Amino acid sequence: MAEFPELGKHCDVQTCKRLDFLPFLCNGCSGTFCLEHRSKASHSCTVGDQKDEENSAKPLITTENRLECAFEECTSHELVPVICEHCHNNYCLRHRHQVDHQCPVLPPKQLRVTPEERIQQIIGKDLCKEKKGQGGVRNESRAAKVALMKIKMKATGDSSIPQDERIYLRVLMPFGNKEREQPMFFSKYWTIGKVIDKIAESARLKNDNNKKTAERKLRLFHRNTGEILELQDCLEHFEAQDNSPVFSGSIVVIEYVDKECADVLPNLDKYPT
């Protein structure tokens, strides 16, 4: 290997000094270590850190000038870092979402709620007792079920998602897009961020959400209220809430907005109802 003296890094442990072509950087003492001495305990790190030992050793740039994916079964590399803001590990684009890399801080799964139960929650017990004229409340409930049935008839999505995990949404496309809307289904365990990626992939929308320098990014909003849906929230999170704006059969809007947008979507009247 004398022909390539600059390839790899030597382990900083004095008794080791092994040349490693995929070295690890300790975020405590900032030393460079081989696989055997990547953990703090193995190289007697003296700098305290509250992070998990496995998360404290982040891979450096490899000899091919690419970054490794930290997912155990993945061998993919990326040219730019894709760091999970929750477990602080680097992943490839395929495993960037919490659910895809089995993030240790992934929110626990909520109790499942059937579409019928969700409709009942939205209507509310008190509202069911009110007299709104002949068949008033009954008609509302029937209309909600009919709307859901229409979405299910035309919805597209990942066929590998089990039936009991699917949540159906009527997705309204960005204003000015040739296709106005598309019914789709998703896993209730997916985050809003992953839902946006799947919509963009299916509808062939330009998606710069992974680019930090992008001025305009795709975000998901509730059609009736214009409320922005947080990227890290799971669909199941909304299903478990009382009076949630998102449940199976809801209408959502995917739209390009400024990257700093954290409020409501303006001009709701320009989207279909």
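Is Lys206 buried or exposed? In this predicted model, Lys206 is exposed, with a relative accessibility of 59%. The legends below begin with this residue and its partners.

**View 1. Lys206, Asp208 and Lys211 belong to one network of salt bridges.** Asp208 pairs with Lys206 through a salt bridge with an N to O distance of 3.7 Å. A salt bridge also joins Asp208 to Lys211, here at 3.6 Å from N to O. The shared partners connect Lys206, Asp208 and Lys211. Asp208 counts as buried, at 16% relative accessibility, whereas Lys206 counts as exposed, at 59%. Side chains of opposite charge can pair when their charged atoms come close.

**View 2. A salt bridge connects Arg170 and Glu181.** The closest N and O atoms of this pair lie 2.9 Å apart. Arg170 sits in strand S8, which covers residues 166–172. Glu181 sits in strand S9, which covers residues 181–187. The two residues are 11 residues apart, and the pair links distant parts of the chain. Arg170 is buried, with 17% relative accessibility. Glu181 is partly exposed, with 31%. The structure holds six salt bridges, including this one.

**View 3. Cys34 and Cys11 are shown without a disulfide between them.** The closest cysteine sulfur to that of Cys34 belongs to Cys11 and lies 3.9 Å away. This is too far for a bond, because a disulfide requires the two sulfur atoms to be within 2.5 Å. Cys34 is buried, at a relative accessible area of 0%.

**View 4. Cys87 and Cys84 are likewise shown without a disulfide.** For the sulfur of Cys87, the closest cysteine sulfur is that of Cys84, at 3.7 Å. That distance, too, is too far for a bond. Cys87 is buried, with a relative accessible area of 1%. Zero disulfides are found when the whole structure is searched.

**View 5. Residues 49–58 and residues 125–137 are stretches with low pLDDT values, under 50 in the former and below 50 in the latter.** The protein has an average pLDDT of 77, and 74% of its residues score at least 70. Across residues 49–58, pLDDT stays under 50, and the model gives this stretch 24 contacts beyond four places in sequence. Residues 125–137 also have a pLDDT below 50, with 11 contacts in the model beyond near neighbours in sequence.

Terms used: Residues numbered from 1 in each chain as written. Predicted model: local features only at pLDDT ≥ 70, side-chain atom pairs only at ≥ 80, totals over all residues. Heavy atoms only, no water. Buried < 20%, exposed > 50% of the residue type's maximum accessible area, 1.4 Å probe, protein only. pLDDT = per-residue confidence, 0-100. Contact = heavy atoms within 4.5 Å. Salt bridge = Lys/Arg side-chain N within 4 Å of Asp/Glu carboxyl O. Helix = DSSP H or I, 4+ residues; strand = E, 2+ residues; numbered from the N terminus.
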